[in-house]
Amino acid sequence: MTVKKQKNKLSAISYNDIIIGVGTSLLFLFISWMIDILNNNLGVSLNTIADIHRNNPIHWLIDILPFIVGIVIYFSIRKREKDKAAFEKIIDQRNQDINRNARFAKKIGEGIYDDHDDLVDEDDIIGRSLIVMRDNLLSNNKKEKEQNWISEGKDLIYSILRMHNNIDKLAYEVIIKLIKYINVIQGSFYIYDEEERKLINLATYAYNRRRFVNQKFKIGEGLIGQCAYEQDIVYRTEIPDNYATITSGILGNKKPSSILIVPLITEEKLQGIIEFASIENKFQALTIKFLKELGEIIARTLYNLRMNQKTEKLLQESQQMTEELKENEEELRQNAEEMRSTQEELEISNKNLETQIKEVENAQKRLHSLLQNASEVISIYDNEIKLKYQSPSVTKILGYTPDEMMSGKDMDRLTAKGEAAMKEMFEQLLEDQHTPRTIQYTYIKKDGKKIHIETTGRNLLNDPAINGIILNSQDITERKRAEKEERMKSKMQSLSENSPDLILRMNTKGQFFYANPMVDDYIGVKSKDIINGRIDELNIEPSLVEFFKDSIKQIRKTNQKLNQEIAMSTAKLGERIMNYNAIPEFNENELETVLFVGHDITEAKQIELEIKDKNKKINESINYAQRIQSSILPSTTIIQEYLPKSFIFYLPRDVVSGDFPWFFKKDDILYISAVDCTGHGVPGALLSFIGYFLLNNIVDHDVNYSAGQILDKLHFGVRSTLKQDRIDADARDGMDIAFCRINLKKKELQYSGAHRPLYLLRNGELLEYKGNRKAIGGIPHRKKAEKDFVNYAIEIIKGDKLFIFSDGMPDQVGGAEGRKYSPQRIRSIIVENKDLDMQQYESLFSTDFKKWKGKSKQIDDVLLIGIEF
């Protein structure tokens with residue numbers, strides 16, 4: 001059945017459902033009419049139907065029921081048709097997916113992997129699985145091709161290796177085939193000559209032509225020598241400028257873009273080197289893998305050919321001897337026995353040779369093991385002081401591998417002193433080749449630990465076996481520590497013998513092991529008589545014996561040092577006060593002896609009592625000075641009579657202070673300042689009296705002086721008082737000051753400062769007025785005229801808030817990082833809390849400063865004054 005027929009059938013079914021539903025509703029409508037007509041005994045007519053509708057309005061609702069039923073059935077059918085259509089669409093999509101996956105699977109089965117139809121739905125599990133399977137097959141196919149390429153290359157070279165017995169011809173054929181097979185433009189074949197200890201170029205081929213290059217390299221010389229030394233592949237894409245260029249008729253001289261050098265090694269013995277160069281392309285990883293695997297095969301063949309050549313040489317010599325014997329049969333017969341003997345000796349020699357080869361190989365292994373586990377580091381430098389060999393033992397002793405040392409760690413981890421010593425040693429060795437040199441220096445290991453190194457250098461540049469400057473270095477840290485301990489013991493022994501203190505050593509049973517000469521003065525027994533004696537056996541004061549026993553008993557419980565003062569009667573010095581330290585001494589974590597050191601503190605105690613008495617008198621004097629200073633300084637109550645919205649945060653460091661608030665009123669003018677005198681405590685307080693009385697005299701003299709003029713007069717007044725204006729003056733004391741002259745009637749504020757600023761908070765913005773960069777007082781500069789103090793005139797606006805302070809608050813160290821409180825912090829607190837009144841500011845600064853200071857010591861007097869207009 002076609003889709004169109006199905007749709008027509010569905011439409012017919014839908015219309016039938018609507019007709020049946022509407023018909024059923026109409027039947028229910030007629031039944032309701034008939035029931036109402038029969039109940040009221042009415043006749044059936046249109047008038048009757050109209051009457052029952054007027055008398056019973058419910059019939060109107062029943063009348064519209066067919067329409068409602070029809071509409072409901074219509075929309076239900078429409079929804080069902082849409083759901084069916086959506087389902088059919090899903091079925092069609094699934095059929096398409098199945099067909100596409102079938103085609104995809106067929107292509108995979110036919111070996112077609114390059115179909116890129118990867119656009120499948122996330123829900124199409126089969127499609128995605130087929131893509132994964134295709135990708136895995138592609139990967140396996142690629143690996144198989146790579147392995148086949150390697151196998152084919154090996155087979156190609158195998159055939160050449162089996163074909164040739166001559167090493168020169170073999171080298172030439174091998175390098176030609178490899179150049180063509182790996183698609184490069186140049187290659188070289190080097191054979192290792194064990195007698196000369198050099199790599200000799202046997203064959204070079206470039207641009208389809210043989211090149212005759214006579215090259216020889218020592219082990220470690222150039223990239224070829226480096227490859228032989230490291231016995232590992234060298235692959236470079238950054239070619240040195242001095243590296244050989246490739247010459248062709250078309251390209252001319254051109255440096256290769258990449259080179260690959262492969263060592264030929266078998267049974268850990270170097271047989272030769274093969275080198276390839278490419279101008280345009282870089283070597284692929286597959287090519288490198290192929291050549292690395294092939295290198296061992298070629299090396300094994302070279303080894304066998306060399307052994308065969310040796311055997312052939314021996315056979316040729318044997319044949320030559322046979323011919324000579326044939327020419328002289330009589331001599332042959334006479335020497336037949338000798339010949340057999342010689343042949344036997346030759347066989348024995350061959351066996352001995354093989355044995356010696358094995359012994360050499362074992363000796364090399366033993367030498368490497370010895371060097372790796374040696375207690376010394378062996379280094380060889382060339383004549384340009386470049387490290388060319390480092391023994392494996394460096395890893396155990398210094399923590400670095402030989403490669404890391406070769407890359408510069410031999411000098412990088414030296415201290416400046418050690419680097420200078422090393423440089424001097426090399427200069428001496430190059431100047432005098434016959435004298436060894438020994439130096440000691442500090443080296444920083446890889447783990448960051450510092451150790452002491454002793455290095456002995458010998459110049460063996462003329463020795464062909466070494467061809468360098470050889471250094472033997474060993475860790476002498478423990479030796480240094482032992483020498484230091486021995487020196488300390490000797491020094492302690494000398495100090496002990498000449499010490500004025502009483503020094504005794506005894507074991508836990510009270511037996512004396514040592515006593516210095518002072519034992520005669522304090523106990524009355526010679527030191528030689530007390531050694532090996534016991535406490536109870538000697539004539540020692542009972543109180544001292546009791547102290548020794550109690551101390552030993554307590555130390556055995558706690559293993560801690562004890563300190564105690566005791567009064568004792570001495571043999572020759574009378575009554576003395578001794579301070580004893582009982583020090584436990586351990587051997588392998590076990591208490592072995594106790595060292596008693598008695599220090600005579602009789603004079604110190606007497607001095608201490610004298611100092612306490614003097615301190616008491618000084619403190620009484622300072623307290624009296626504090627009462628005098630407090631009596632002349634203005635109180636907050638007096639200042640708040642004229643400036644009610646103000647506060648003074650005053651925190652002297654000592655009893656008396658060098659910082660002080662100053663206040664003065666004359667006529668309509670109010671004067672207020674924060675003064676910071678040089679120093680603190682008593683010296684600062686003495687300067688504060690000078691500043692206080694000078695300021696009082698200056699402002700009381702003339703009310704018209706500006707703030708700047710007042711500071712000028714104070715400046716010269718301090719100099720005159722301290723006689724700093726004289727040529728021989730040496731007193732540089734003075735004071736810093738923030739000075740304000742306030743006229744509330746005229747709403748004028750004058751400010752002048754010496755090293756101290758004024759902060760003015762106005763409408764939420766902080767203004768800073770800086771003082772002059774000079775102090776009040778001090779010795780004048782003889783050749784430079786001084787400038788007058790700057791006077792700032794500021795109009796007072798209601799709500800203005802000003803702050804002046806000494807340097808004690810910003811200089812206080814504290815906080816989590818131990819930094820200064822700083823003017824920046826003061827400014828931030830003022831601005832961030834601009835709505836606070838003066839009392840709240842005082843509380844905030846007090847709390848914040850004490851929290852900042854924490855447990856740190858207060859370093860200076862603190863003074864902060866705040867005023868709100």
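Biologist: Which strand gives the largest share of the lining of the largest cavity?

Modeller: That is strand 14, with 4 residues. Please keep in mind that this is a predicted model. Strand 14 (468-475) has company too: strand 10 (376-381), helix 11 (394-398), helix 12 (402-412) and strand 12 (437-444) each supply at least two residues of the lining.

Biologist: What makes a space in the protein a cavity?

Modeller: A 1.4 Å probe must fit there but be unable to get out. Searching the whole structure for such spaces of 30 Å³ or more turns up 2 cavities. The largest has a volume of about 160 Å³. It is lined by 17 residues, and those closest to its centre are S379, L398, M405, Y441 and S473.

Biologist: Let's move to N743. Why is N743 called buried?

Modeller: Its relative accessibility is 7%, and buried means under 20%. The value falls under that cut-off, so N743 counts as buried. You will find N743 in strand 23, which covers residues 734-743.

Biologist: Which residues does N743 touch, not counting those up to four places away in sequence?

Modeller: They are D668, I669, E748 and I796.

Biologist: And what makes the pair N743 and K745 a polar contact?

Modeller: A polar atom of the N743 side chain lies 3.2 Å from the backbone nitrogen of K745. The limit for a polar contact is 3.5 Å, so that distance is within the limit.

Biologist: Now for a sheet. Why are strand 16 and strand 17 said to stand at the edges?

Modeller: The sheet is open and has 5 strands in the order 16-15-19-18-17, with antiparallel pairing. Strand 16 (512-515) and strand 17 (562-569) each have a single partner strand, so each has one side without a neighbour in the sheet. On average, neighbouring strands here are turned by 25° against each other, direction ignored.

Biologist: How do you know that strand 17 and strand 18 pair?

Modeller: Pairing takes at least two bridges, and strand 17 and strand 18 (residues 575-587) share 8 bridges in the antiparallel sense. Therefore they count as a pair. As one example, E565 has N579 in strand 18 as its bridge partner.

Biologist: Which helix packs on the sheet, touching strand 15?

Modeller: Helix 17 (residues 542-558) does, and it also touches strand 17, strand 18 and strand 19 (590-600). The direction of helix 17 makes about 140° with that of strand 19. Helix 18 (residues 602-632) lies across strand 17, strand 18 and strand 19, and runs at about 120° to strand 18.

Methods:
Residues are numbered from 1 along each chain as its sequence is written. This is a predicted model: local features need pLDDT of at least 70, side-chain atom pairs count only at pLDDT 80 or more; totals for chains, interfaces and linings use all residues. Side-chain values use heavy atoms; hydrogens and water are left out. Buried means under 20% relative accessible area, exposed over 50%, partly exposed in between (1.4 Å probe, protein chains only). A polar contact is a pair of N or O atoms within 3.5 Å; within protein, one must be able to donate a hydrogen and the other to accept it, and residues adjacent in sequence count only if both atoms are side-chain atoms. Contact means heavy atoms within 4.5 Å. Axes are lines fitted to C-alpha atoms, for helices over the stretch in contact, and angles run from 0 to 180 degrees between N-to-C directions. On a 1 Å grid over the protein atoms alone, a cavity is a set of points where a 1.4 Å probe fits but cannot get out, and a pocket is an open set with protein on both sides within 12 Å along at least five of seven lines; lining residues have an atom within 4 Å of a point. Grid points are joined across faces, edges and corners, and a volume is the space filled by probe spheres set on the points.
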